[in-house]
Amino acid sequence: MGKFEVLDHPLIQHKLTLIRDKNMGTKDFRETVNEISTLMAYEVSRDMPLEDVEIETPIIKTTRKQLTGKKVAVVPILRAGLGMVDGILDLIPAAKVGHIGMYRDETTLKPHEYFVKLPSDIDQRQLFVVDPMLATGGSAIMAIDALKKRGASSIKFVCLVAAPEGVKALQEAHPDIDIYTASLDDSLNEDGYIVPGLGDAGDRLFGTK
């Protein structure tokens, strides 16, 4: 079973509380989501592989650690996932970015795939699939299906808030995937929204209704 981790760093928790407030405007919401994403990327990248390299300091030659160069790609689930990309790129600027477009049928609540554009070498990359919300789990499951179908094998799912129902569904569908969230919330309501949640992340990021 993949890892499930709630990132409880005080800065992450503080900033998450700020964006839950319904009175926060679009500009501040967008900036704070970016900040949380950077902080989460720091934790999610903790197990990136290192190798020994010989360097010369001003004092002496020495063998130290550096990243092995394992390539990373950030894959936002459109559209709300876009709000987390820049924050991760601030920390890992060499990462490539793929996109997976999903929309939710408002009657059935089922996701549908409408756009997939990925780096050609995703089978060799560590993928961070990002979406602020893990609600029913439907979009995350379908996005990861799409990635695996195209050869991806090393995938982490990163979200801001998760419902227990979504975590369970994603773990059952993809038991090999590591899941990282800033909060495991209480439940889903009858409309498929996370409670207490933070509303519709896409609308709050982009100022739409």
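In which strand is Thr181 found? The points below take up this residue and then the rest of the predicted model.

1. Placement of Thr181. The answer is strand β11, which covers residues 178-184. Thr181 has a relative accessible area of 0% and is therefore buried, the cut-off for that class being under 20%.

2. Surroundings of Thr181. With residues up to four places away in sequence left out, Thr181 touches Phe4, Glu5, Val6, Leu7, Met40, Cys159, Leu160, Val161 and Ala162. For one of these partners, Leu160, the C-alpha to C-alpha distance to Thr181 is 5.2 Å, at a sequence separation of 21 residues. The side chain of Thr181 also reaches the backbone oxygen of Ser183, at 3.0 Å.

3. Overall fold. The protein has six helices and 13 strands. Its radius of gyration is 18 Å, close to the 17 Å given by the globule rule for 209 residues, so the protein is as compact as a globular protein of that length. The C-alpha trace spans about 65 × 40 × 30 Å along the principal axes.

4. Burial, contacts and surface. Of the 209 residues, 46% are buried. Among contacts between residues at least 6 apart in sequence, 64% join residues at least 24 apart. The accessible surface of the protein comes to about 10800 Å², and carbon and sulfur atoms account for 52% of that area.

5. Charges. The protein carries 25 positive and 31 negative charges. The mean positions of the two sets are 4 Å apart.

6. Helix α3. This helix runs over residues 82-91, and its buried residues are Gly83, Met84, Val85, Gly87 and Ile88. Which elements do the buried residues of α3 pack against? The helices concerned are α2 (26-44) and α6 (201-206). The strands concerned are β4 (72-78), β5 (96-97), β8 (126-130) and β10 (154-162).

7. Thr32 in helix α2. Thr32 has its place in α2. Its relative accessible area is 8%, under the 20% cut-off, so Thr32 counts as buried. Leaving aside neighbours within four places in sequence, Thr32 is in contact with Lys15, Ile19 and Met24. The C-alpha atoms of Thr32 and Gly87 are separated by 9.4 Å, with the two positions 55 residues apart along the chain counted as their separation. Gly87 is one of the buried residues of α3, and the buried residues of α3 pack against α2.

8. Asp203 in helix α6. Asp203 is placed in α6. Its side chain makes a polar contact with the side chain of Thr208, at 2.7 Å. Apart from residues up to four places away in sequence, Asp203 touches Arg79, Thr208 and Lys209. One of these partners, Arg79, lies in the loop between β4 and α3.

9. Cis peptide bonds. Which peptide bond ending at Arg79 is cis? The bond from Leu78 to Arg79 is cis, with omega near 0°. The peptide bond from Val195 to Pro196 is cis as well, again with omega near 0°. Pro196 lies in the loop between β13 (194-195) and α6. A reviewer may wish to look at both positions in the model.

10. Glu106. Is Glu106 buried or exposed? Glu106 has a relative accessible area of 63%, and is exposed because the cut-off for that class is over 50%. Glu106 lies in the loop between β6 (99-104) and β7 (111-117). Glu106 and Gly192 are 86 residues apart in sequence, and their C-alpha atoms are 9.8 Å apart in space.

How values were computed: Residues are numbered from 1 along each chain as its sequence is written. This is a predicted model: local features need pLDDT of at least 70, side-chain atom pairs count only at pLDDT 80 or more; totals for chains, interfaces and linings use all residues. Side-chain values use heavy atoms; hydrogens and water are left out. Helices (H or I, at least four residues) and strands (E, at least two) are DSSP runs, numbered from the N terminus. Buried means under 20% relative accessible area, exposed over 50%, partly exposed in between (1.4 Å probe, protein chains only). Contact means heavy atoms within 4.5 Å. A polar contact is a pair of N or O atoms within 3.5 Å; within protein, one must be able to donate a hydrogen and the other to accept it, and residues adjacent in sequence count only if both atoms are side-chain atoms. The radius of gyration is taken over C-alpha atoms; the globule rule is 2.2 Å times the number of residues to the power 0.38. Accessible areas come from the Shrake-Rupley method with a 1.4 Å probe; for residues, only the protein chains shown count as cover. Lys and Arg count as positive and Asp and Glu as negative; His and the chain ends are not counted. The place of a charge is taken as NZ of Lys, CZ of Arg, CG of Asp or CD of Glu.
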